[in-house]
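User: I would like to understand the reasoning behind the labels attached to this model, and not just the labels themselves. Could you take me through them with the values set against the cut-offs?

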Amino acid sequence: MTDTDSPLGPDDLAHRLTEVFALVGPLYRRVHRKVEQAAPIEGLSVGVRAVLDLLKEHGPMTVPQMGRAQALSRQFVQRMVNDAASRRLVEITPNPAHQRSSLIRLTDEGRAAITAVTAREHALLRQVGGDLTDADLTACVRVLREMLELFDHVDVN
């Protein structure tokens with residue numbers, strides 16, 4: 001085992017994770033900007049897109065479930081759901097499990113819109129270079145998941 005394969009001590013780990021944070025913030029903002037610049041084709045804001053993504057991946061959800069899944073306030077998610085509903089991208093239906101928290105479902109139009117956005121992003125992401133391996137991406141996802149778990153308790157409302 002080499003030095004690079006050994007777990008880092010707390011101080012070294014904190015320093016390296018600070019490097020990750022320094023990259024994640026600008027990357028996040030640039031991706032959002034790119035999505036919003038490209039979105040007029042589907043008319044999706046980043047917030048509406050996040051709602052459609054969740055529903056495509058997980059099926060019908062409540063607003064509180066979506067808020068927890070994305071670490072967003074229920075109020076923000078509700079505004080995005082209302083925007084999506086006004087565009088007929090989602091439908092709001094009764095929830096048999098909870099009278100006060102409706103289920104939000106993708107419509108055919110919503111599924112078509114999110115499919116078009118993700119196809120465009122996939123084409124863009126195919127351009128990433130660096131000869132990245134599956135192991136590289138597995139490690140990246142593991143690091144980001146550990147960082148996210150550290151802040152899992154933060155209240156977003």
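The exchange below goes from the overall fold to the core, the cavity and some individual residues.

Analyst: Please keep in mind throughout that this is a predicted model. As for the overall layout, the chain has 6 helices and 2 strands, and along the sequence they follow the pattern α-α-α-α-β-β-α-α. The C-alpha atoms fill a box of roughly 55 × 35 × 25 Å along the principal axes, and buried residues make up 25% of the 157 residues in the chain. Among contacts between residues at least 6 apart in sequence, 58% join residues at least 24 apart.

User: Why is Leu-103 called buried?

Analyst: The relative accessible area of Leu-103 is 14%, and the label applies under 20%, so Leu-103 counts as buried. Leu-103 is found in strand E2, and its contacts, leaving out residues up to four places away in sequence, are Pro-60, Met-61, Thr-62, Glu-91, Ile-92, Thr-93, Pro-94, Asn-95 and Pro-96. The C-alpha atom of Leu-103 is separated by 45 Å from that of Asp-12, a residue 91 places away along the chain.

User: What makes Leu-23 exposed or buried?

Analyst: Leu-23 has 62% relative accessibility, and exposed begins over 50%, so Leu-23 is classed as exposed. Leu-23 is found in helix H1, which spans residues 10–38, and its C-alpha atom is 23 Å from that of His-153, although 130 residues separate the two along the chain.

User: Which residues touch the most other members of the largest nonpolar core, and which elements supply this core?

Analyst: The largest nonpolar core has 20 residues, of which Leu-52, Leu-55, Met-66, Val-81 and Val-90 touch the most other members. The elements giving two or more residues to this core are helix H2 (46–58), helix H3 (63–70), helix H4 (74–86), strand E2 (103–106) and helix H5 (108–125), with the largest share, 5 residues, coming from H2.

User: How do you know what Val-81 is in contact with?

Analyst: A contact requires heavy atoms within 4.5 Å, and by that test Val-81, leaving aside its neighbours within four places in sequence, is in contact with Val-51, Val-63, Met-66, Val-90, Ile-92 and Ile-104.

User: Why are the buried residues of H3 said to lie on the same side?

Analyst: The buried residues of H3 are Val-63, Met-66 and Gly-67. They cover an arc of only 100° around the axis, and therefore they sit on the same side of H3. As a general point, an α-helix has 3.6 residues a turn, so residues three or four places apart point the same way. What covers the buried residues of H3 includes H2, H4 and E2.

User: How many cavities reach 30 Å³ or more, and what lines the largest cavity?

Analyst: The count is 1 cavity of 30 Å³ or more, and the largest cavity has a volume of about 40 Å³. Its lining consists of Gly-47, Ala-50, Val-51, Leu-54, Met-66, Gln-70, Leu-72, Phe-76, Val-77 and Met-80. H2, H3 and H4 are the elements that give two or more residues to this lining, and H2 gives the most, with 4 residues.

User: What makes the lining of the largest cavity nonpolar, polar or charged?

Analyst: The lining residues divide into 8 nonpolar, 2 polar and no charged. Gly counts among the polar residues in this scheme, so Gly-47, which lines the largest cavity, falls in the polar group.

User: What is the phi of Ala-71, and why is Ala-71 called partly exposed?

Analyst: Phi of Ala-71 is near 55°, a positive value in a residue other than glycine. Most residues other than glycine have a negative phi. Ala-71 comes just after H3, in the loop between H3 and H4. With a relative accessible area of 46%, Ala-71 lies between the 20% and 50% limits, so the label is partly exposed.

User: Why is Arg-88 put in its own accessibility class, and what is its phi?

Analyst: Arg-88 has 61% relative accessibility, and this is over the 50% cut-off, so Arg-88 counts as exposed. Arg-88 is found in the loop between H4 and strand E1 (90–93), and it has a positive phi of about 65° although it is not a glycine.

Definitions and conventions. Residues numbered from 1 in each chain as written. Predicted model: local features only at pLDDT ≥ 70, side-chain atom pairs only at ≥ 80, totals over all residues. Heavy atoms only, no water. Core = buried A, V, L, I, M, F, W, Y, C linked by side-chain atoms within 4.5 Å. Buried < 20%, exposed > 50% of the residue type's maximum accessible area, 1.4 Å probe, protein only. 1 Å grid on protein atoms, 1.4 Å probe; cavity = no way out; pocket = protein on both sides within 12 Å on 5 of 7 lines; lining within 4 Å. Points joined across faces, edges and corners; volume = space filled by probe spheres on them. Arc of directions from axis to C-beta.
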